[in-house]
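User: I would like to go through this model step by step, with the reasoning laid out before each answer.

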Amino acid sequence: MREFTLTAPPSANALFVAIGRRRVKSKEYVAWTRLAGGELMVQRVKPVRGPVNLCFYVAENARRDLDNYIKPMIDALVAAGIIEGDGCKIVRSIAAEWNSIVRDGVFVAITSAPVWVQRKGAAKK
């Protein structure tokens, strides 16, 4: 299990900006991603290989939606090499909850997920 704390990311509504027909990462999002990478290095968070379960404990903030924290947090974990990707074969479950004990930012817990093997040709229910 890996446990660590990161500064709260920008709102999901502020992650990208439109430039013509393209969407690019906002300056705020790029800056936060670099900050998060530095925080992960300082805390010496080691990578977790294979499938994982992610749990985010977020400092209570009545002005933001809880789900706005998830995407940038996962993107930062991938960018820093803490998890191998954000696809369904790697991220097996995500949980997020408001937490009054967390004073600032987001407390993150990553656990290895069991690998369920389905036999080829097995009947699906």
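User: Is W98 buried or exposed, or does W98 fall in between?

Analyst: This is a predicted model, and the values here are computed from it. The relative accessible area of W98 is 32%, whereas buried would require under 20% and exposed over 50%. W98 therefore falls in between and is classed as partly exposed.

User: Which residue forms an aromatic pair with W98, and what is the geometry of that pair?

Analyst: W98 belongs to strand 5, and the partner sits 29 residues away in the loop between strand 4 and helix 2, which makes this a link between distant parts of the chain. The partner is buried, with a relative accessible area of 3%, and R64 lies over the face of this partner's ring at 4.0 Å from the ring centre. With 5.9 Å from centre to centre and 90° between the planes, the geometry is edge-to-face, and the partner is Y69.

User: What is the order of the strands in the open sheet?

Analyst: The open sheet has 4 strands and mixed pairing. Strand 1 and strand 6 run antiparallel and are joined by 5 bridges, with F4 opposite V108. Strand 6 is in turn joined to strand 4 by 7 bridges, again antiparallel, while strand 4 and strand 5 pair in the parallel sense over 8 bridges. The order is 1-6-4-5.

User: Why is strand 4 described as largely enclosed by the rest of the structure?

Analyst: Strand 4 spans residues 52-59 and has partners in strand 5, where N53 stands opposite S93, and in strand 6, where C55 stands opposite A109. The description itself rests on burial, because the number of buried residues among the 8 of strand 4 is 6.

User: What is the handedness of the β-α-β unit made by strand 4, helix 2 and strand 5?

Analyst: Helix 2, residues 70-79, is the helical element of this unit, and helix 2 lies across strand 1, strand 4, strand 5 and strand 6, running at about 125° to strand 4. The buried residues of helix 2 pack against several elements, including helix 1 and strand 4. The handedness of the unit is right-handed.

User: Which residues of helix 2 are buried?

Analyst: The buried residues of helix 2 are those that pack against strand 1, helix 1, strand 4, strand 5 and strand 6. Just after the helix comes G81, whose phi is positive, near 80°. Within helix 2 itself, the buried residues are P72, M73, I74, A76 and L77.

Methods: Residues are numbered from 1 along each chain as its sequence is written. This is a predicted model: local features need pLDDT of at least 70, side-chain atom pairs count only at pLDDT 80 or more; totals for chains, interfaces and linings use all residues. Side-chain values use heavy atoms; hydrogens and water are left out. Buried means under 20% relative accessible area, exposed over 50%, partly exposed in between (1.4 Å probe, protein chains only). Helices (H or I, at least four residues) and strands (E, at least two) are DSSP runs, numbered from the N terminus. Two strands pair if DSSP finds at least two bridges between them. A crossover is right-handed if, with the strands pointing away from the viewer, the path from the first strand over the helix to the second runs clockwise. Contact means heavy atoms within 4.5 Å. Axes are lines fitted to C-alpha atoms, for helices over the stretch in contact, and angles run from 0 to 180 degrees between N-to-C directions. Rings of Phe, Tyr and Trp (its six-membered ring) pair if their centres lie within 6.5 Å; planes under 30 degrees apart count as stacked, over 60 as edge-to-face and the rest as tilted. A charge sits over a ring if NZ of Lys or CZ of Arg is within 6 Å of the ring centre and within 35 degrees of the ring normal.
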